[in-house]
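Hi everyone, thanks for coming. I'd like to walk you through one model today, strand by strand and then charge by charge. Let me put it on the screen.

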Amino acid sequence: MGPSRAKKAATKIQAWWRGTLVRRTLLHAALRVWIIQCWWRKILAKLLERRRRTILELNTRQIWACVKLQACVRMWLIRLRYCRVLNAVRVIQICWRWHSCHTRGFFRGNYEITENELKLQIDIFLGSQICRITDSIPFPNKELTRSAPNMRQ
């Protein structure tokens, strides 16, 4: 084996060894890049999940706010309708009671006259209500009226 052949063989071995080192270095670098990419993808996935959850929570809050607002508006409308109906009922009741009192009411009474007083008993019927008036009215005394002018003289 000559020196040029040995040199060529050594150069070939050195080239092979350098190639092996370069490939090993590239392999380690590629593995490190792959590890960093996996870590970054994991971080991105967490960030995207947080962003998605935040948007979902915000959307949920907005929906609940809309539901609450709609419930308040519905309650207000129902209360308004109830107040209108209640007012109409009161107007109808007032008119009906007035009509009942003026068309269905009647009087019934009796009296008794004695020598010195008038006894009255009057019943007023207004629908389901009864008003009873009893009174005794004394007559003026005849002797007092005759003697009164005499007293003046």
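Let's start with one pair of residues in the sheet: leucine 118 sits opposite isoleucine 137, which belongs to E3. Two further pairs along those strands are worth finding on your screen. Glutamate 117 faces proline 138 of E3, and glutamine 121 has threonine 134 of E3 as its bridge partner. Altogether, E2 and E3 run antiparallel and are joined by 10 bridges.

Before going further, a word on confidence, since this is a predicted model. The chain has a mean pLDDT of 85, with 86% of its residues at 70 or more. Helix H1 comes out highest, at a mean of 92, while helix H2, residues 142-152, comes out lowest, at a mean of 50. Where pLDDT is low, the predicted coordinates should not be read in detail. With H2 at that mean of 50, I'll leave that helix alone today.

Back to the sheet, then. How many strands does the open sheet have, and in what order? There are three, arranged E1-E2-E3, and the pairing is antiparallel. E1 and E3 are the edge strands with a single partner each, so each has one side without a neighbour in the sheet. From one strand to the next, the twist averages 10°.

Now the other pairing. E1 and E2 are antiparallel as well, with eight bridges between them, and the two make a hairpin with three residues in between. If you want landmarks here, tyrosine 111 is opposite leucine 120 of E2, and arginine 108 is opposite aspartate 123 of E2. Please keep that second pair in mind, as I'll return to it.

How many of the eight residues of E1 are buried? The number is zero, so E1 lies largely in the open. E3 is hardly covered either: among its 10 residues, the count of buried ones is zero.

Let's turn to charges. Side chains of opposite charge can pair when their charged atoms come close. Searching the whole structure gives four salt bridges, and I'll take you through some of them.

Here is the pair I asked you to remember. Aspartate 123 and arginine 108 make a salt bridge, with their closest N and O atoms 3.7 Å apart. Aspartate 123 is in strand E2, residues 117-126, and arginine 108 is in strand E1, residues 106-113, so this contact ties together parts 15 residues apart in sequence. For those of you thinking about cut-offs, the criterion used is a nitrogen within 4 Å of a carboxyl oxygen, and the 3.7 Å of this pair falls within it.

Which other residue forms a salt bridge with aspartate 123? That is arginine 132, and here the closest N and O atoms are 2.7 Å apart. Put together, Arg108, Asp123 and Arg132 form a linked network of salt bridges.

How covered are the members of that network? Aspartate 123 is buried, at a relative accessible area of 5%. Arginine 108 is partly exposed, at 49% relative accessibility, and arginine 132 counts as exposed, at 52%. The exposed label begins over 50%, so arginine 108 at 49% and arginine 132 at 52% land on opposite sides of that line.

Another salt bridge takes us over to the helix. The side chains of glutamate 49 and arginine 52 meet at 2.7 Å, N to O. Both residues are in H1, which spans residues 3-104, and they are three residues apart, about one turn of the helix. Glutamate 49 is partly exposed at 33% relative accessibility, and arginine 52 is partly exposed at 45%.

One last stop, for the cysteines. A disulfide is a covalent bond between the sulfur atoms of two cysteines. How many disulfides does the structure hold? The count is zero. Cysteine 72 is partly exposed, with a relative accessible area of 44%, and cysteine 83 is partly exposed too, at 33%.

If you take one picture away, make it the antiparallel sheet in the order E1-E2-E3, with the salt-bridge network of Arg108, Asp123 and Arg132. Thanks for listening!

How values were computed: Residues are numbered from 1 along each chain as its sequence is written. This is a predicted model: local features need pLDDT of at least 70, side-chain atom pairs count only at pLDDT 80 or more; totals for chains, interfaces and linings use all residues. Side-chain values use heavy atoms; hydrogens and water are left out. Helices (H or I, at least four residues) and strands (E, at least two) are DSSP runs, numbered from the N terminus. Buried means under 20% relative accessible area, exposed over 50%, partly exposed in between (1.4 Å probe, protein chains only). pLDDT is the predictor's confidence in each residue, from 0 to 100. Two strands pair if DSSP finds at least two bridges between them. A disulfide is a pair of cysteine sulfur atoms within 2.5 Å. Axes are lines fitted to C-alpha atoms, for helices over the stretch in contact, and angles run from 0 to 180 degrees between N-to-C directions.
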